[in-house]
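Visitor: I am new to this structure. Please pick one part, look at it closely, and show me how the rest relates to it.

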Amino acid sequence: MAPRPLPDKPFGGWFARVAGRYKMSVEQLWLDSGMDRPAASLNPVWLRWADVGDASVDRLSWLARVEARSLSAIMPTVG
């Protein structure tokens with residue numbers, strides 16, 4: 001079972017916990033999850049500012065069995 005997102009923690013931290021739970025690298029989980037942006041586009045400080053589109057949030061919420069709004073709530077404002 002995937003770790004639950006924590007409202008006071010950034011998306012990248014949750015994503016890293018999921019990768020760790022399944023003994024995968026973050027890059028491998030990114031690729032295996034079918035993200036809408038290539039892993040090479042990960043921001044160098046992705047743990048705080050991951051660039052994730054709505055389609056990826058929907059896919060991740062489905063894969064992790066969490067509500068999309070739980071993931072959206074921990075997404076940073078990029079811009």
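Guide: Start with a definition. A residue is buried when its relative accessible area is under 20%, and exposed when that area is over 50%. By that measure, 37% of the protein's 79 residues are buried. Keep in mind that the model is predicted. The protein has five helices and zero strands. Along the sequence, the pattern reads α-α-α-α-α.

The part to look at is helix H1, residues 11-21. Which residues of H1 are buried? They are Phe11, Gly12, Trp14, Phe15, Val18 and Ala19. Around the helix axis these residues cover an arc of only 160°, so they fall on the same side of H1. A general rule helps here. An α-helix has 3.6 residues a turn, so residues three or four places apart point the same way.

Now look at the rings. A pair of aromatic rings is described by two things: the distance of the centres and the angle of the planes. The count of aromatic pairs comes to four. Take Phe15 and Trp30. Their ring centres are 5.6 Å apart and their planes stand at 75°; an angle over 60 degrees counts as edge-to-face, so this pair is edge-to-face. The pair links distant parts of the chain. Phe15 belongs to H1 and Trp30 to helix H2, residues 26-32, and 15 residues separate the two. Is each of these residues buried or exposed? Both Phe15 and Trp30 are buried. Ring pairs also build a cluster, made of Phe11, Trp14, Phe15 and Trp30.

Those four names come up again in the core. In general, nonpolar side chains of soluble globular proteins tend to be buried together. Here the largest nonpolar core has 18 residues. Seven of its residues touch the most other members: Phe11, Trp14, Phe15, Trp30, Val52, Leu60 and Leu71. H1, H2 and helix H4 (54-64) each supply at least two residues of this core. Which helix gives the most? H1 does, with five residues.

Next, the far end of H1. Arg21 has its charged end over the ring of Tyr22, 5.3 Å from the ring's centre. H1 is then followed by Lys23. What is notable about the phi of Lys23? This phi is positive, about 55°, although Lys23 is not a glycine. Lys23 sits in the loop between H1 and H2. Its relative accessibility is 77%, so Lys23 counts as exposed.

Go back to the segment before H1. Pro7 lies there. With 74% relative accessibility, Pro7 counts as exposed, because the cut-off is 50%. Pro7 and Ser70 are 63 residues apart in sequence, yet their C-alpha atoms are 7.6 Å apart in space.

H1 also helps line a pocket. The largest pocket has a volume of about 220 Å³. Its lining has 15 residues, and Ala2, Val18, Tyr22, Leu63 and Ala64 lie nearest its centre. H1, H2 and H4 are the elements that give two or more residues to this lining. Val18 is also one of the buried residues of H1.

So compare H1 with H4, a partner in both the core and the pocket lining. The buried residues of H4 are Ser56, Val57, Leu60, Ser61 and Ala64. Their arc around the axis is only 135°, which puts them on the same side of H4. On the other side of H4, Asp54, Ala55 and Trp62 are exposed. Val57 is found in H4. At 5% relative accessibility, Val57 counts as buried. Its C-alpha atom is 7.0 Å from that of Ser72, a residue 15 places away along the chain.

One last stop is Arg65, in the loop between H4 and helix H5 (68-72). Arg65 is a residue other than glycine, and its phi is positive, near 60°. Its relative accessibility is 70%, so Arg65 counts as exposed. Lys23, in the loop after H1, has a positive phi as well.

Note on methods. Residues are numbered from 1 along each chain as its sequence is written. This is a predicted model: local features need pLDDT of at least 70, side-chain atom pairs count only at pLDDT 80 or more; totals for chains, interfaces and linings use all residues. Side-chain values use heavy atoms; hydrogens and water are left out. Buried means under 20% relative accessible area, exposed over 50%, partly exposed in between (1.4 Å probe, protein chains only). Helices (H or I, at least four residues) and strands (E, at least two) are DSSP runs, numbered from the N terminus. The arc is that of the directions from the helix axis to the C-beta atoms. Rings of Phe, Tyr and Trp (its six-membered ring) pair if their centres lie within 6.5 Å; planes under 30 degrees apart count as stacked, over 60 as edge-to-face and the rest as tilted. A charge sits over a ring if NZ of Lys or CZ of Arg is within 6 Å of the ring centre and within 35 degrees of the ring normal. A nonpolar core is a set of buried Ala, Val, Leu, Ile, Met, Phe, Trp, Tyr and Cys residues joined through side-chain atoms within 4.5 Å. On a 1 Å grid over the protein atoms alone, a cavity is a set of points where a 1.4 Å probe fits but cannot get out, and a pocket is an open set with protein on both sides within 12 Å along at least five of seven lines; lining residues have an atom within 4 Å of a point. Grid points are joined across faces, edges and corners, and a volume is the space filled by probe spheres set on the points.
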